[in-house]
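Trainee: Could you take me through one part of this structure closely, beginning with a single residue and working outward? I would enjoy one connected walk rather than a list.

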Amino acid sequence: TKLNELEESGNLSPVIWDEGVTYLWLQVSNLYILAVTCTNVNAAAVLVFLHSLVGVFKHYFQVRPRAVG
């Protein structure tokens, strides 16, 4: 609900702090990639990691055409 509230108010960002918990997220198509922490972390490093993770997932799950024969 917090995400919906921020989205409706126009204050949505990739880093959300709520009650001592930090949520860092990316949206790729209709999929959300989320990191959650209760400690102080480097937000930029976490977002770079999430972008790298998306690249790994895209490479791993890419559809390959079947060989006809």
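Mentor: Happy to. Let us begin with Thr 22, which, apart from its neighbours within four places in sequence, is in contact with Val 15, Ile 16, Trp 17, Ala 35, Val 36 and Thr 37. Keep in mind that we are looking at a predicted model. Thr 22 belongs to strand β2. Its relative accessible area is 16%, so Thr 22 counts as buried, the cut-off being under 20%.

Now step back to the sheet around that residue. Three strands form an open sheet in the order β1-β2-β3, and their pairing is antiparallel. The edges are taken by β1 (15–18) and β3 (31–37); each has a single partner strand, so one side of each has no neighbour in the sheet. On average, neighbouring strands here are turned by 25° against each other, with direction ignored. As general background, strands of a sheet pair through backbone hydrogen bonds, in either a parallel or an antiparallel way.

Look next at the pairing of β1 with β2 (residues 21–28): the two run antiparallel and are joined by four bridges. For one position you can check on screen, take Val 15, whose bridge partner in β2 is Leu 24. Against the sheet packs helix α2 (residues 43–60), which touches β1, β2 and β3 and whose direction makes about 35° with that of β2.

That brings us to the nonpolar side chains. The largest nonpolar core has eight residues: Leu 24, Leu 26, Ile 33, Ala 35, Val 46, Leu 47, Leu 50 and Val 54. At least two residues of this core come from each of β2, β3 and α2. Helix α2 gives the largest share, with four residues. In soluble globular proteins, nonpolar side chains tend to be buried together. You can follow one core member, Val 54, across to its contacts: leaving out residues up to four places away in sequence, Val 54 touches Leu 26, Val 28 and Ile 33. Two of our earlier names return here, as Leu 24, the bridge partner of Val 15, and Ala 35, a contact of Thr 22, are both among the core residues.

The aromatic residues are worth a look too. The whole structure holds three aromatic pairs. In one of them, the ring centres of Trp 25 and Tyr 32 are 5.5 Å apart and the planes meet at 55°, so this pair is tilted. Trp 25 is buried, at 12% relative accessibility, while Tyr 32 is partly exposed, at 41%. Phe 57 and Phe 61 make another tilted pair, with 6.1 Å from centre to centre and 55° between the planes. Of these two rings, Phe 57 is partly exposed at 36% relative accessibility, and Phe 61 is exposed at 56%. Together with Tyr 60, Phe 57 and Phe 61 form one aromatic cluster.

Let us finish at Ile 16, which we met as a contact of Thr 22. Ile 16 is also in contact with Leu 6, which, leaving aside neighbours within four places in sequence, touches Asn 11 and Leu 12 as well. Leu 6 sits in helix α1 (residues 2–9) and is buried, with a relative accessible area of 18%. Between the C-alpha atoms of Leu 6 and Ile 16 there are 9.3 Å, for two residues 10 apart along the chain.

Definitions and conventions:
Residues numbered from 1 in each chain as written. Predicted model: local features only at pLDDT ≥ 70, side-chain atom pairs only at ≥ 80, totals over all residues. Heavy atoms only, no water. Pairing = 2+ DSSP bridges. Axes fitted to C-alpha atoms, helices over the stretch in contact; angles between N-to-C directions. Contact = heavy atoms within 4.5 Å. Buried < 20%, exposed > 50% of the residue type's maximum accessible area, 1.4 Å probe, protein only. Phe/Tyr/Trp six-rings, centres within 6.5 Å; stacked < 30°, edge-to-face > 60°. Core = buried A, V, L, I, M, F, W, Y, C linked by side-chain atoms within 4.5 Å.
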